[in-house]
Amino acid sequence: MIDGTHIPIVAPKDYPICYYNRKGFYSIVMQGVCEHESKVIDTFIGMSGSAHDENVFKRSSLYAKRMEGTLFPTWTRRITGVDLPVLLVADPAYPLAPWIMKTYPGNNLPGNKRTYNY
C-alpha cells in the first residue's frame with residue numbers, strides 16, 4: 001500500500017504558498033509504502049504541501065527503482081489459477097500503471113466497486 005500524508009509546518013518565509021495544501025494548512029508531504037504485514041518498506045519526505053501525490057511519487061526513489069526494474073522481486077503468486085505479480089495498492093491520486101492497483105474514487109459506489117475498494 002502506498003499513500004501520502006501532510007506533516008504540518010510553520011509557513012516558511014520564502015514561497016509560503018507552495019507549502020499551503022488543499023486541506024487548508026502549511027505542510028510538507030510524506031509518502032509511505034508498507035507491505036502486506038504492515039511493515040514500512042519505503043518513505044519519501046520533504047516536498048511542499050501543495051505537491052500532488054502523483055508528483056511526489058514520480059520524484060521518489062521508489063519510482064526510480066521501479067523504472068530501473070529493481071523495486072519488486074521477480075516472483076508471482078498463483079491466486080485462483082492466475083499468476084499475479086507484486087503490485088502496489090494506491091488511492092485514485094496515484095497514476096494507473098501495470099504495477100499499481102488503484103481504488104475507485106468516491107464514497108457512493110455501486111456494490112462491485114465498493115467490494116473492490118474494500
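## Exposure and the residue Tyr15

A residue is called exposed when its relative accessible area is over 50%, and buried when that area is under 20%. In this predicted model, Tyr15 has a relative accessibility of 65%, and therefore counts as exposed because that value is over 50%. Tyr15 belongs to the loop that runs between S1 and S2, and its phi is positive, at about 55°, although the residue is not a glycine.

## Overall architecture

The protein chain contains three helices and seven strands, and their order along the sequence is β-β-β-α-α-β-β-β-β-α. Along its principal axes, the C-alpha trace spans about 55 × 40 × 25 Å. Of the contacts between residues at least 6 apart in sequence, 37% join residues that are at least 24 apart.

The chain has 118 residues, of which 22% count as buried. About 8300 Å² of the protein chain is exposed, and carbon and sulfur atoms supply 56% of that area. As for charge, the mean position of the 13 positive charges and that of the 10 negative charges lie 5 Å apart.

## Two nonpolar cores

In soluble globular proteins, nonpolar side chains tend to be buried together. Here the largest nonpolar core has ten residues, namely Ile2, Val33, Phe57, Leu62, Leu71, Leu88, Ala90, Tyr94, Trp99 and Ile100. When residues up to four places away in sequence are set aside, Leu71 touches Leu62, Lys65, Arg66 and Trp99; two of these partners, Leu62 and Trp99, are themselves listed in the ten-residue core.

A second core, separate from the largest one, has five residues, among them Val29, Phe44, Met47 and Ala51. Val29 is placed in strand S2, and it counts as buried because its relative accessibility is 2%, under the 20% limit. Its contacts, not counting residues up to four places away in sequence, are Thr5, His6, Phe44, Ile45, Gly46, Met47, Ser48, Gly49, Ala51 and Val56. For one of these partners, Ser48, the C-alpha atom is 6.2 Å from that of Val29, while the two residues are 19 apart in sequence.

## A buried asparagine in a loop

Which loop holds Asn21? Asn21 lies between strand S1 (2-8) and strand S2 (27-34), and, with a relative accessible area of 3%, under the 20% limit, it is therefore buried. The side chain of Asn21 reaches the backbone nitrogen of Gly24 at 3.0 Å. Beyond its neighbours within four places in sequence, Asn21 is in contact with His6, Ser27, Gly49 and Ser50; His6 and Gly49 also appear among the residues that Val29 touches.

## Thr80 and Gly111

Most residues other than glycine have a negative phi. Thr80, a residue other than glycine, has a positive phi near 45°. Thr80 lies in the loop between strand S4 (76-79) and strand S5 (82-85), and with 79% relative accessibility, a value over 50%, it counts as exposed.

Gly111 lies in helix H3, which covers residues 111-117. Is Gly111 buried, exposed or partly exposed? Its relative accessibility is 35%, so Gly111 counts as partly exposed. The C-alpha atom of Gly111 is separated by 29 Å from that of Thr76, and the two residues are 35 apart along the chain.

Methods
Residues are numbered from 1 along each chain as its sequence is written. This is a predicted model: local features need pLDDT of at least 70, side-chain atom pairs count only at pLDDT 80 or more; totals for chains, interfaces and linings use all residues. Side-chain values use heavy atoms; hydrogens and water are left out. A nonpolar core is a set of buried Ala, Val, Leu, Ile, Met, Phe, Trp, Tyr and Cys residues joined through side-chain atoms within 4.5 Å. Buried means under 20% relative accessible area, exposed over 50%, partly exposed in between (1.4 Å probe, protein chains only). Contact means heavy atoms within 4.5 Å. Helices (H or I, at least four residues) and strands (E, at least two) are DSSP runs, numbered from the N terminus. Accessible areas come from the Shrake-Rupley method with a 1.4 Å probe; for residues, only the protein chains shown count as cover. Lys and Arg count as positive and Asp and Glu as negative; His and the chain ends are not counted. The place of a charge is taken as NZ of Lys, CZ of Arg, CG of Asp or CD of Glu. A polar contact is a pair of N or O atoms within 3.5 Å; within protein, one must be able to donate a hydrogen and the other to accept it, and residues adjacent in sequence count only if both atoms are side-chain atoms.
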